[in-house]
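Student: I have a structure to look at and would like to learn how to read it. Could we go through it step by step?

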Amino acid sequence: MADETLRVALAQIHIEATEIEANVERALEAVSRAADRGADLVALPELFNVGYFAFDSYERHAEPLEGETVTQLREAAADHEIAVLAGSIVEDLAATEAVETPADEGLANTAVLFDSTGERQLVYRKHHLFGYQSAESELLVPGERIETATIRGVTVGATTCYDLRFPELYRQLIDAGAELVLVPSAWPYPRVEHWQTLSRARAIENQAFVATINGSGHFERADATLLGRSTAYDPWGTTLASSGDQSALVMADLDLGALTRVREEFPALRDRRL
């Protein structure tokens with residue numbers, strides 16, 4: 001890892017249920033603005049195109065990884081020369097041809113990371129599917145693989161929303177070399193304390209940068225409102241940059257040398273016995 005700064009942009013866009021065209025347009029605008037502000041990497045929220053709580057439209061709006069939404073984000077990454085985490089989409093596993101899938105059919109909650117040339121570097125399918133007042137666990141196939149990718153010399157991993165409650169997943173990412181974990185999410189009110197505490201804990205216990213990317217907006221049919229508060233944490237768990245609950249582009253400069261220093265000066269990861 002180079003001793004330099006990685007500038008990340010967390011695109012907390014407004015998401016409207018099933019308004020695919022409008023939501024994707026907001027995502028593309030966020031990529032452009034992030035590039036204009038000198039970001040090396042921009043990340044989008046969970047199910048930013050269809051809206052997490054639009055459960056009855058998942059199947060109708062599912063796409064393969066070669067589909068229109070992901071293709072537009074891949075092209076935007078190359079056009080603006082910026083790495084892009086296409087937060088997540090509802091993936092049609094049967095239609096995907098580009099990469100191995102966890103099942104021959106069904107749907108998955110899938111995030112894709114492209115580098116600044118538009119090359120796909122990482123695919124992450126949400127492992128832990130939410131069942132509490134949610135239809136996700138009934139509708140989707142859980143992911144099975146953990147991948148990391150290198151963006152400008154930084155080893156990057158991804159998890160999604162509910163995954164924050166399962167620290168063993170993050171240990172696996174750290175063992176795979178992750179230095180920055182991106183967490184696209186659709187975290188609603190009222191669980192503000194959970195959102196902030198769990199995210200900070202994952203950074204502290206793994207001595208890694210953690211960047212959470214939430215959306216904004218209200219989903220009337222589910223009576224759910226996303227709480228926003230997209231945040232970048234450093235390896236001490238200190239907040240580097242954050243937002244409120246409205247649309248925002250959160251910019252954070254990650255001091256990559258600080259990660260090395262923290263791990264060397266306070267070697268908690270080396271002291272593990274499990």
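**Reading the chain from the whole to the parts**

Tutor: Let us begin with contacts along the chain: among those with a separation of 6 or more, 69% join residues that are 24 or more positions apart. Please keep in mind throughout that this is a predicted model.

Student: How many helices and strands are there in the chain?

Tutor: The chain holds seven helices and 14 strands. Its radius of gyration is 17 Å, close to the 19 Å that the globule rule gives for 274 residues, so the chain is as compact as a globular protein of that length. Taken along the principal axes, the box filled by the C-alpha atoms is roughly 50 × 40 × 35 Å.

Student: What share of the residues is buried, and what do carbon and sulfur atoms supply of the area that the chain exposes?

Tutor: A residue is called buried when its relative accessible area is under 20%, and buried residues make up 55% of the 274 in this chain. The chain exposes about 11600 Å², of which carbon and sulfur atoms supply 43%. As for charge, there are 23 positive and 45 negative charges, and their mean positions lie 7 Å apart.

Student: Now I would like to look at a single helix. Which residues of helix H7 are buried, and what covers them?

Tutor: Helix H7 spans residues 256-265, and its buried residues are Leu256, Gly257, Ala258, Leu259 and Val262. The cover over these buried residues includes four strands, namely S1 (5-12), S7 (154-158), S9 (209-213) and S14 (248-255). At the start of H7, a side-chain oxygen of Asp255 comes to within 3.2 Å of the backbone nitrogen of Gly257.

Student: Where is Thr96 placed, and is Thr96 buried or exposed?

Tutor: Thr96 sits in the loop between strand S3 (83-92) and strand S4 (107-114). With a relative accessible area of 9%, Thr96 falls under the 20% cut-off and is therefore buried. A polar atom of the Thr96 side chain lies 3.1 Å from the backbone nitrogen of Leu65. Once neighbours within four places in sequence are left aside, the contacts of Thr96 are Pro64, Leu65, Glu66, Glu91 and Thr101.

Student: Let us turn to a residue in another loop. Why does Arg221 count as exposed, and with which side chain does the side chain of Arg221 make a polar contact?

Tutor: Arg221 lies in the loop between strand S10 (216-219) and strand S11 (224-227). Its relative accessibility is 76%, which is over the 50% cut-off, so Arg221 counts as exposed. The side chain of Arg221 makes a polar contact of 2.5 Å with the side chain of Asp56. Arg221 and Phe55 are 166 residues apart along the chain, while their C-alpha atoms are separated by 9.9 Å.

Student: What does it look like when a residue is partly exposed?

Tutor: Glu25, in helix H1 (residues 20-36), counts as partly exposed because its relative accessibility is 40%. Gly177 is also partly exposed, with a relative accessible area of 30%, and is found in the loop between helix H5 (167-175) and strand S8 (180-184). From C-alpha to C-alpha, Gly177 and Arg202 are 15 Å apart in space, with their positions 25 residues apart in sequence.

Student: I would also like to read the backbone. Which sign of phi do most residues other than glycine have, and which form do most peptide bonds take?

Tutor: Most residues other than glycine have a negative phi, and most peptide bonds are trans. In this structure, Arg152 has a positive phi of about 50° although it is not a glycine. Arg152 belongs to the loop between strand S6 (148-151) and S7, and at 41% relative accessibility it counts as partly exposed. Gln207, again not a glycine, has a positive phi of about 45°. Gln207 is placed in the loop between H6 and S9 and is buried, with a relative accessible area of 4%.

Student: And which residues does a cis peptide bond join?

Tutor: A cis peptide bond joins Tyr189 and Pro190, with an omega of about 10°. Pro190 lies in the loop between S8 and helix H6 (192-206).

Methods: Residues numbered from 1 in each chain as written. Predicted model: local features only at pLDDT ≥ 70, side-chain atom pairs only at ≥ 80, totals over all residues. Heavy atoms only, no water. Helix = DSSP H or I, 4+ residues; strand = E, 2+ residues; numbered from the N terminus. Buried < 20%, exposed > 50% of the residue type's maximum accessible area, 1.4 Å probe, protein only. Polar contact = N/O pair within 3.5 Å; in protein donor to acceptor, adjacent residues only side chain to side chain. Contact = heavy atoms within 4.5 Å. Rg over C-alpha atoms; globule rule 2.2 N^0.38 Å. Areas by Shrake-Rupley, 256 points an atom, 1.4 Å probe, with all protein chains shown as cover. Lys, Arg positive; Asp, Glu negative; His and termini not counted. Charge placed at Lys NZ, Arg CZ, Asp CG, Glu CD.
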